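Morning, everyone. I have one structure to walk through today. Please bring it up on your screens.

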Amino acid sequence: MDRVFNKVRNLDAYPKINEDFYSRTLSGGVITLVASIAMFLLFCSELGLYLHTVTETKLVVDTSRGEKLHINFDITFPAVSCTLLSLDAMDISGEQHLDIRHDIIKKRIDSNGKVIEERKEGIGGPQIEKPLQRHGGRLEHNETYCGSCFGAEASDDECCNSCEEVREAYRRKGWGLTNPDLIDQCKREGFAQKIKDEEGEGCNIYGSLEVNKVAGNFHFVKSFHQSSIHIPDLLTFQEDSYNISHKINKLSFGDHYPGKKNPLDGVHWFQENPNGMYQYFLKVVPTIYTSIRGHTIQSNQFSVTEHYKSPEIGRRSLPGVFFFYDLSPIKVTFTETHISFLHFMTNVCAIVGGIFTVAGIVDSFVYHGHKALRKKMEIGKLG
């Protein structure tokens with residue numbers, strides 16, 4: 001057993017020197033102090049790098065299918081009333097949604113930007129007790145209501161019990177409804193009066209909508225339309241105030257993740273002349289963000305270009321703000337990581353060993369320099 005211990009003892013790479021032979025110097029103490037401070041600072045720096053997360057970015061082909069695109073928006077129109085402001089969405093697959101009201105909130109604002117009223121729905125008003133019947137008389141007691149379509153009936157038994165149903169009947173006929181005050185249903189619902197009451201007001205519209213993950217567009221237009229087509233028959237109202245000035249308080253695709261930047265947030269565009277169409281062309285890039293704890297966020301980034309289309313002479317077009325978006329085939333993945341513990345320990349050992357080695361070299365150089373200087377001084381005295 002002693003032979004084994006002796007062999008192990010012979011492998012000692014750190015032979016010990018008797019303390020009686022130690023020689024401590026002032027320069028050695030200073031070098032040790034400086035080396036310790038340098039070692040501590042480098043260790044703190046390495047520890048900070050170990051605790052700090054690093055985001056790795058990768059580009060991959062987007063192979064997802066059948067997903068939805070979630071759009072969040074908050075836009076203020078200082079010169080368009082809430083009653084005349086509508087949101088539409090459509091895509092290249094042919095799916096379209098007009099006058100979207102689900103998950104949409106409108107705030108009426110005055111000329112100073114103060115909120116007057118907040119509401120979820122658009123038009124609506126008080127109804128009189130005896131609305132006009134299809135046969136021309138007024139609704140009598142216990143009589144079933146069947147409103148007139150004012151000549152636009154598709155059949156003898158068709159009824160139009162609301163302003164929207166009258167407008168739909170007119171649309172099928174290809175007629176324009178230019179004066180809602182002449183329509184009993186529209187007058188009862190107070191649509192024309194509501195427009196007049198909101199003259200000079202603005203509107204803040206915010207909310208979210210979910211669309212197919214294909215190229216398409218959504219737009220905010222100053223019109224009142226029905227079903228599947230636009231009906232700009234309210235051009236008689238506020239004809240000279242079709243000002244599409246707007247401020248985009250927020251526009252994003254998908255959920256927020258750390259470091260996400262939306263290039264249109266806070267953008268303000270002011271229009272001096274009435275009418276026109278302002279267009280934003282967006283390139284949406286699918287993005288996946290994975291935190292250091294493994295939590296994954298499905299989101300999107302986007303880039304944007306802008307274009308203003310002035311109204312054409314002799315041709316009337318609906319003014320509005322249009323957002324045309326297209327999907328990138330490339331997906332970006334962000335992954336939070338930090339260096340491994342073994343890498344951290346390797347760097348710490350390198351710091352300790354390197355500082356000790358350099359300090360030892362410096363100490364040896366200073367010690368032998370002082371020793372040689374003392375030897376010369378002693379020889380000079382003897383001489």
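Let me start with a question. Leaving aside its neighbours within four places in sequence, which residues is Asn300 in contact with? Hold that for a moment.

A caution before the answer. This is a predicted model. Please keep that in mind throughout.

Now, Asn300. Find strand β12, residues 296-309; Asn300 is in that strand. Its contacts beyond the sequence neighbours are Leu69, Phe253, Gly254, Lys260, Val284, Val285, Pro286 and Thr287. Is Asn300 buried or exposed? Its relative accessible area is 7%. The cut-off for buried is under 20%, so Asn300 counts as buried.

Keep Phe253 in view. Phe253 is one of the contacts of Asn300. Phe253 is in β9, and Ile71 stands opposite. That takes us to the strand pairing. Strand β2 covers residues 68-77, and strand β9 covers residues 246-253. How many bridges join β2 to β9? There are 6, and the two strands run antiparallel.

Strand β9 also pairs with β10, residues 267-269. Here 3 bridges join the strands, again antiparallel. For a landmark, take Ile248. Its bridge partner in β10 is Val267. While you are looking at strands, recall the general pattern. In a regular strand, side chains alternate between the two faces of the sheet.

Let's zoom out to the whole chain. The protein chain has 6 helices and 14 strands. It has 383 residues, and 39% of them are buried. Take the contacts with a separation of 6 or more. Of those, 73% are between residues 24 or more positions apart. As for the surface, the chain exposes about 23300 Å². Carbon and sulfur atoms supply 57% of that area.

Next, the cysteines. How many disulfides does a search of the whole structure find? The search finds 3. I'll take them in order.

The opening pair is Cys82 and Cys203. The S to S distance is 2.2 Å. The S-S torsion is about 100°, so this disulfide is right-handed. The pair links distant parts of the chain, 121 residues apart. Cys82 is in the loop between β2 and β3, residues 85-91 for β3. Cys203 is in strand β7, residues 202-212. Both Cys82 and Cys203 are buried.

Next comes Cys146 with Cys159, S to S 1.8 Å. These two are 13 residues apart, and each is in the loop between β6 (115-119) and α3 (163-173). What is the handedness of this disulfide? The torsion about the S-S bond is about -95°, so the disulfide is left-handed. Check the exposure of each partner. Cys146 has a relative accessible area of 17%, so it is buried. Cys159 is at 29%, so it counts as partly exposed.

Then Cys149 and Cys160. Their sulfur atoms are 1.9 Å apart. Each of these cysteines lies in the loop between β6 and α3, so the disulfide ties together parts 11 residues apart in sequence. The torsion here is about 95°, so the disulfide is right-handed. Cys149 and Cys160 are both buried.

Two other cysteines deserve a look. Cys44 has 35% relative accessibility, so it counts as partly exposed. What about Cys349: buried or exposed? At 52%, Cys349 counts as exposed. The cut-off for exposed is over 50%.

On to the surface. Go to helix α1, residues 2-10, and find Phe5 there. Phe5 has a relative accessible area of 46%, so it is partly exposed. Which residues form a nonpolar patch with Phe5? They are Met1, Val4 and Val8. Together the patch has about 440 Å² of accessible area.

One last stop, on the backbone. Look at Asp103. It sits in the loop between β4 (96-97) and β5 (104-109). Its phi is near 60°, a positive value in a residue other than glycine. Why point that out? Most residues other than glycine have a negative phi. As for exposure, Asp103 has 45% relative accessibility, so it counts as partly exposed.

That's the tour. Questions, please.

Key:
Residues numbered from 1 in each chain as written. Predicted model: local features only at pLDDT ≥ 70, side-chain atom pairs only at ≥ 80, totals over all residues. Heavy atoms only, no water. Helix = DSSP H or I, 4+ residues; strand = E, 2+ residues; numbered from the N terminus. Buried < 20%, exposed > 50% of the residue type's maximum accessible area, 1.4 Å probe, protein only. Patch = residues over 30% accessible without salt bridge, like charges linked within 9 Å, V, L, I, M, F, W, Y side chains within 5 Å. Areas by Shrake-Rupley, 256 points an atom, 1.4 Å probe, with all protein chains shown as cover. Salt bridge = Lys/Arg side-chain N within 4 Å of Asp/Glu carboxyl O. Contact = heavy atoms within 4.5 Å. Pairing = 2+ DSSP bridges. Disulfide = S-S within 2.5 Å.
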